[in-house]
Each structure stands twice: as C-alpha cells, then as structure tokens.
Amino acid sequence: MPYRITLHHTVGRYEQFFNDYHYMIAYNPKTKQAYVKKGIYKPEDNDNTGDGKYAPHCALANTGNIGVAICANLNYDFKTNTSPTYPITAQQIELAFYVLAELCVKYNINVNEVQTHYERDRKLKKPSGKVDIIFIPSYPKETANKENVGNFIRNKVKWYIVNKVKNKNNLKYI
C-alpha cells in the first residue's frame, strides 16, 4: 500500500508524458486548462519494486511511493535562474494540490509524507541534486525560499483535503 507521495516536474513540455510517474498534471495552452494524465503504472505497482514493473520516479525511494509530476519546466536552469520555456502554470499547480489531496485521502497517506523531489533527494546519503520543485511561479512570495516550498505545498494539500476532497466519495481525478 502506498504510504508516501513525491511531487516532481518533468523538465518537459506541457503535454509531454513519461512512464516514470503515476499521475501527470498537463496543460493545454489552447484551452488554458490543466488536466490529469494517468501513467502506465498504478500506485500499487510500487509496493514491490523488485519485479521491475513500477513507476521509477524517485531513485532509491520508489517503494510505496506515488509519483506525481507537473508537465513543465523545459530548459529550466536553477543555477542561473533561467526561466523555463514551459513554466508551471497556476492551473497546473492548483490541480496538483487537488490530486495530492485525493491521493492522501484514498490511500490514507499522512500529508507530511507528501514531499517534493528536492526534499526527498536531500534525505539520501548521497543526494543527486534534484531541484523539483523549488519554486512555484503563481506563488512567488510564498515560494521565494526553496526550503519553504514543501511546507507551502503540504499546507495547500491540507486545505484541499478539508475544503474540497473531504472523503473517498469525492474523488474526481484519480
């Protein structure tokens, strides 16, 4: 049973999908709508990563871990603070908060187990320098310090659980 969730960006285009994630938050620039694209693996596939049939989104931390990725941030360079070609949109991040809330409710995951790839990577004995997600363009003040981004996301997820999702009968996206 999944017990944690990692939020990523794909470093790709808005509608560019990868098999590494369970859920991807895409964006259609023509309709200006975000939407959920399910990956080829179910969250339960990550219960046993020894069989090779799982979503490999988080090196050394895939077991019991649901991967949610925002399809965005192509050409992002955090070292030079270069703006990405496809920045995370407000619609995408709000939908991501909602999906994370649904996953917490469905799988009874503690919100404190929702982490960014940046946070999860820093806990490894040998971090690989992951930078997703360290800034949210639609919340520049709240996420100006990359160390605060994870807490900001968890607080938004808590809000969505209380005010939108509420219980397993209200799941819309997963």
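This report describes a predicted model of a protein, moving from the whole fold to a few individual residues.

## Overall fold

The protein contains three helices and five strands, and when these elements are read along the sequence they appear in the order β-β-β-β-α-β-α-α. Four strands therefore come before the first helix in this pattern, if one reads the elements as DSSP runs numbered from the N terminus.

The C-alpha trace spans about 40 × 40 × 30 Å along the principal axes of the protein. A compact globule of 174 residues would have a radius of gyration near 16 Å, and because the protein has 15 Å, its value agrees with that expectation.

## Inside and surface

Of the 174 residues in the protein, 47% are buried. When contacts with a separation of 6 or more are considered, 64% of them are made by residues that stand 24 or more positions apart.

The surface that the protein exposes amounts to about 9000 Å², and carbon and sulfur atoms supply 48% of this area. As for charge, the protein carries 25 positive and 15 negative side chains, and the centres of these two sets lie 3 Å apart.

## The loop between E3 and E4

Strand E3 (33-38) and strand E4 (65-70) are joined by a loop in which Asn46 has its place, and Asp45 is found in that loop as well. Are these residues buried or exposed, or something in between? Asn46 has a relative accessibility of 0%, so it counts as buried, whereas Asp45, at 26%, counts as partly exposed because its value is not under the 20% limit for a buried residue and not over the 50% limit for an exposed one.

The side chain of Asn46 takes part in two polar contacts with the backbone of other residues: a polar atom of this side chain lies 2.9 Å from the backbone nitrogen of Ala55, and the side chain also reaches the backbone oxygen of Asn62 at 3.1 Å. If neighbours within four places in sequence are left aside, Asn46 is in contact with His22, Tyr54, Ala55, His57, Asn62, Thr63, Gly64 and Asn65. Asp45, with residues up to four places away not counted, touches Lys53 and Tyr54.

## Val99 in helix H1

Val99 lies in helix H1, and its relative accessible area of 0% is why it is described as buried. Apart from neighbours within four places in sequence, Val99 is in contact with Ile25, Val36, Tyr173 and Ile174.

Two distances help to place Val99 in the fold. The C-alpha atoms of Val99 and Leu171 are separated by 8.8 Å, although these residues are 72 residues apart along the chain. Between Asp45 and Val99, which are 54 residues apart along the chain, the C-alpha separation is 18 Å.

## Helix H3 and what follows

Which residues of helix H3 (residues 149-165) are buried? They are Val149, Gly150, Phe152, Ile153, Arg154, Val157, Tyr160, Ile161 and Val165. These buried residues pack against several other elements, namely strand E1 (4-9), helix H1 (90-107), strand E5 (114-116) and helix H2 (117-122).

Helix H3 is followed by Lys166, whose phi is positive, near 65 degrees. Lys166 is found in the segment after H3, and with a relative accessibility of 54% it counts as exposed, because this value is over 50%.

## Unusual backbone geometry

Most residues other than glycine have a negative phi, and most peptide bonds are trans. Against this background, a few places in the model deserve a second look.

Val11 is not a glycine, yet its phi is positive, at about 55 degrees. The residue has its place in the loop between E1 and strand E2 (23-28), and at 40% relative accessibility Val11 counts as partly exposed. Lys166 is likewise a residue other than glycine with a positive phi, near 65 degrees.

Where does the model have a cis peptide bond? Such a bond joins Asp132 and Ile133, with an omega of about -5 degrees, and Ile133 is found in the loop between H2 and H3.

Key:
Residues are numbered from 1 along each chain as its sequence is written. This is a predicted model: local features need pLDDT of at least 70, side-chain atom pairs count only at pLDDT 80 or more; totals for chains, interfaces and linings use all residues. Side-chain values use heavy atoms; hydrogens and water are left out. Helices (H or I, at least four residues) and strands (E, at least two) are DSSP runs, numbered from the N terminus. The radius of gyration is taken over C-alpha atoms; the globule rule is 2.2 Å times the number of residues to the power 0.38. Buried means under 20% relative accessible area, exposed over 50%, partly exposed in between (1.4 Å probe, protein chains only). Contact means heavy atoms within 4.5 Å. Accessible areas come from the Shrake-Rupley method with a 1.4 Å probe; for residues, only the protein chains shown count as cover. Lys and Arg count as positive and Asp and Glu as negative; His and the chain ends are not counted. The place of a charge is taken as NZ of Lys, CZ of Arg, CG of Asp or CD of Glu. A polar contact is a pair of N or O atoms within 3.5 Å; within protein, one must be able to donate a hydrogen and the other to accept it, and residues adjacent in sequence count only if both atoms are side-chain atoms.
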